[in-house]
Amino acid sequence: MSIETGILYIVATPLGNLADITYRAVQVLRDVDLIAAEDTRHSLPLLRYYGIDTLLISLHEHNEQARAVELTARLRAGESIAMISDAGTPLISDPGYRLVANARAAGLPVTPIPGPSAVIAALSTAGLPTNRFVFEGFLPPKAGARQRRLQELTVEMRTLVFYEASHRIAASLNAMRDVLGRERRAVVARELTKTFENSHGDTLAALCDWINAEAKRRRGEFVVVVEGASESPHRAPSLDIRRLLSVLLTELPVKTAARLAADVTGDKKNALYRLALKIASESSQHPA
Ligand code: SAM
């Protein structure tokens, strides 16, 4: 395969199983002048496995701004560069955004070499609707911010996809159960493509019990796929639920406002009750 000069290749690498890499990715990584890797030490076993000895340079969140300028200059001078992250597709909850933005702003070509990404791997096997989905990446680590983020998602009807790490998976699932509702269906996909791969689907309430029951279920890397809020066939196309609840709350208690909003929109009463509580507490903190 001939490599063109002055091109930035964004190359997807395996999520865990070394065999999950495309022929083209291996060829590109062999033939470029330089590979920018999130962690050079982490990527060495993969590169060695495929007999790739291309020059390596680091590009991670702490040096990305400087590297973006430096690498854009090298691209402009005619070098070809591949960017890889520790796993999956660069830029997807991973570094690379500044480099790509810089290269494009300089009018330089950026080409994807597609392959694995945990969001797609989990979604494609979760058995939840895939025609429309929202990728949320990692929830905020602090409990209050995490809860606020989830509250904003209570009426989202598209399937939701979250990334999570082992030390926060239990807390995040508990927060999803409390804010999105006990009965919402979800799938916890763990260690995809690796030895201890596991995918477990149930209601959020049951998933919390399941994950809390055994420490080994909380080890590894996780994707959580959650079904969207239930369909509301009666909703007027442009009805603003927040606005509707805010107006009702000026005259009515939270419970009644939520019930009336559910009658009007066809949305679930529980989700609207939680949203109404949030709006009521916001307006008590910031009275008009
Ligand atoms: N760029 C990667 C991608 O394309 O999926 C994501 C990188 S992000 C820093 C790492 C997170 O992705 C993990 O905390 C986990 O949520 C998810 N992830 C990565 N590999 C995974 C795997 N094998 N199984 C489950 N989740 C995984």
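Axes are lines fitted to C-alpha atoms, for helices over the stretch in contact, and angles run from 0 to 180 degrees between N-to-C directions. The views below show a predicted model.

**Figure 1. Packing of helix H9 against helix H10 in the predicted model.** Helix H9 spans residues 241-249 and helix H10 spans residues 254-265; their axes lie 9 Å apart and form an angle of about 140°. The two helices are therefore oblique to each other. The crossing of H9 past H10 is right-handed. From H9, the residues Ile241, Leu244, Leu245, Leu248 and Leu249 take part, and they meet Val254, Ala257, Ala258, Leu260, Ala261, Val264 and Thr265 of H10. Sorted by class, this contact comprises 11 nonpolar residues, 1 polar residue and no charged residues.

**Figure 2. Crossing of helix H3 and helix H4.** The axes of H3 (residues 64-76) and H4 (residues 97-105) cross at roughly 35° and come within 9 Å. H3 passes H4 in a right-handed sense. On the H3 side the contact involves Glu64, Gln65, Ala68, Val69, Leu71, Thr72 and Leu75, which meet Tyr97, Arg98, Leu99, Asn102 and Ala103 on the H4 side. The class composition of the contact is 7 nonpolar, 3 polar and 2 charged residues.

**Figure 3. The parallel sheet S3-S2-S4-S1-S5.** Five strands make up this open sheet, and their pairing is parallel. Strand S3 (56-58) and strand S5 (110-113) occupy the edges, each with a single partner strand, so one side of each is left without a neighbour in the sheet. From one strand to the next, the twist averages 25°. Within the sheet, strand S2 (residues 34-37) and strand S4 (residues 81-84) run parallel and are joined by 4 bridges. Leu34 has Ile81 in S4 as its bridge partner.

**Figure 4. Helices lying across the parallel sheet.** Helix H2 (residues 40-49) lies across S2, S3 and S4, and runs at about 150° to S3. Helix H4 lies across strand S1 (8-11), S4 and S5, and its direction is at about 150° to S1. H4 also appears in the helix pair described above, where its axis and that of H3 come within 9 Å.

**Figure 5. The mixed sheet S6-S7-S10-S8-S9.** This open sheet has 5 strands and mixed pairing. Its edge strands are S6 and strand S9 (198-203), each of which pairs on one side only. On average, neighbouring strands are turned by 15° against each other, direction ignored. Strand S7 takes part in both kinds of pairing: with S6 it runs parallel, whereas with strand S10 (residues 221-226) it pairs in the antiparallel sense over 6 bridges. Phe162 of S7 is the bridge partner of Gly137, and Phe162 also stands opposite Val224 in S10.

**Figure 6. The crossover from strand S6 to strand S7.** S6 (residues 133-138) and S7 (residues 159-165) are joined by 5 bridges and run parallel. Between them the chain passes through helix H6 (residues 143-152), giving a right-handed β-α-β crossover.

**Figure 7. Helices H7 and H8 on the mixed sheet.** Helix H7 (residues 169-180) lies across S7, strand S8 (185-190) and S10, with a direction at about 10° to S10. Helix H8 (residues 204-213) lies across S8, S9 and S10, and runs at about 135° to S9.

Terms used. Residues numbered from 1 in each chain as written. Predicted model: local features only at pLDDT ≥ 70, side-chain atom pairs only at ≥ 80, totals over all residues. Heavy atoms only, no water. Parallel < 35°, antiparallel > 145°, perpendicular 65-115°, else oblique. Left-handed = near helix turned anticlockwise from the far one by under 90°. Contact = heavy atoms within 4.5 Å. Nonpolar A, V, L, I, M, F, W, Y, C, P; charged D, E, K, R; others polar. Pairing = 2+ DSSP bridges. Right-handed = clockwise from strand over helix to strand, strands pointing away.
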